[in-house]
Amino acid sequence: MAYRSKLKYSDVTPKADFLNRRQLMGGAGALAIGSAAGVLPKWAEAAGKYSTDATPNTFEEISTYNNFYEFGTGKGDPVANAQRLTTDPWSVQIDGMVDRPGNYDLADILAKVSIEERIYRFRCVEAWSMVVPWNGFELKQLLDMAGVQSGAKYVAFETLVRPEEMPGLRRSGIEWPYREGLRLDEALHPLTLMATGLYGKELPKQNGAPLRLVVPWKYGFKSIKSIVRVTLTDKMPPTTWNMLQSREYGFYSNVNPNVSHPRWSQATERQIGGGLFAKRKPTLMFNGYEKEVASLYDGMDLKANY
Ligand SMILES: Nc1nc2c(c(=O)[nH]1)N[C@H]1C(S)=C(S)[C@@H](COP(=O)(O)O)O[C@H]1N2
Ligand SMILES: [Mo]
């Protein structure tokens, strides 16, 4: 069955529109009153816990300034070229060290997970940033569905390869599919999201429909789009940008203002939508998620493990 005919984020969204909910959640007090009065459902409380209260970028900004090399390397190429991508039906092959390997239909996955709103900071390694109100579910829910075996240490991800619908695949240099990976503890962290929507709407194709990873404390290229395969493994998997330029892009790629890219500083960032003369903003350790994720890297040299 087509996944669109199943329950969608918009089906569980209360009548109040996005901005009204933002106002409701604007302060801890307002959130507490809302919860006590039973105004906010469970997922909205979770959104309050994990979301930034920074003002999100507009839908227009988030869906027209993109990196998705399968559709071209220009920032405007994905919105121009991705609309022909067939995202329904869609399935995800889950294999490797799992108890229940197989081809999981996205419709079946969506029927079993709980979709939340998460407003996350997003920081590209190119030193620009946005604030994005995603809808999605924790990656852990998908991994639990498949049953991760003891001994698995990493999760590898692959993007769809469909030359008829992806004009950027002709570009030489990248060895397709686009690949990414996380250590298992990073993958199981509650901040690690599988996004299915944006602003309560279906995820635009240029943003990685119908299913993309979002790891808000890592540089944007870790957030792999249009995922068709998830593999549990005991070896650190190869990742696209590391394969291309290992000196510039490491496996971890945690946002870190103190570790420069070999060709530019990572100390500050340009906020998309800030205007031509907006001041650059200091980049935060782990993109502002230090409290939540620093313990994952206790005792690790973050300069050596970039
Ligand atoms: N399959 C695939 N995933 C990808 C990319 C890509 O080219 N192909 N680009 C990455 C990079 S560099 C960034 S910054 C983000 C951009 O996500 P956005 O366009 O939704 O902002 O997607 C990441 N995921
Ligand atoms: Mo990026």
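**Ligand 1 and its surroundings**

Me: What makes the K225 side chain and ligand 1 a polar contact?

Reply: An oxygen atom of ligand 1 is 2.7 Å from an N or O atom in the side chain of K225. A polar contact is a pair of N or O atoms within 3.5 Å (within protein, one must be able to donate a hydrogen and the other to accept it, and residues adjacent in sequence count only if both atoms are side-chain atoms), so this pair qualifies. N66 offers a polar side-chain atom 2.8 Å from a ligand oxygen, and a polar backbone atom of S223 lies 2.9 Å from a ligand nitrogen. The protein covers 97% of the 530 Å² of accessible area that ligand 1 has on its own (Shrake-Rupley method, 1.4 Å probe).

Me: How far can I trust those atoms, and how are things numbered?

Reply: This is a predicted model, where local features need pLDDT of at least 70 and side-chain atom pairs count only at pLDDT 80 or more, while totals for chains, interfaces and linings use all residues. Residues run from 1 along each chain as written, chains are lettered from A and ligands numbered from 1 in written order, and side-chain values use heavy atoms, without hydrogens or water.

Me: How do you know which residues surround ligand 1?

Reply: A residue counts if one of its heavy atoms lies within 4 Å. That gives 16 residues, with N66, Y69, E70, T159 and K225 the closest.

Me: What makes you say ligand 1 sits in a pocket?

Reply: Sitting there takes more than half of the ligand's atoms within 2 Å of the grid points, and ligand 1 does sit in the largest pocket. A pocket is an open set of points on a 1 Å grid over the protein atoms alone, where a 1.4 Å probe fits, with protein on both sides within 12 Å along at least five of seven lines; lining residues have an atom within 4 Å of a point.

Me: Which residues does UniProt annotate as "binding site"?

Reply: The unreviewed entry covers N66, Y69, E70, C124, T159, N207, R212, S223, I224 and K225. The largest pocket's lining takes in N66, Y69, E70, C124, T159, N207, R212, S223, I224 and K225 from this set. Such annotations may be inferred rather than shown by experiment.

Me: What makes A127 unusual in phi?

Reply: A127 has a positive phi of about 75° although it is not a glycine.
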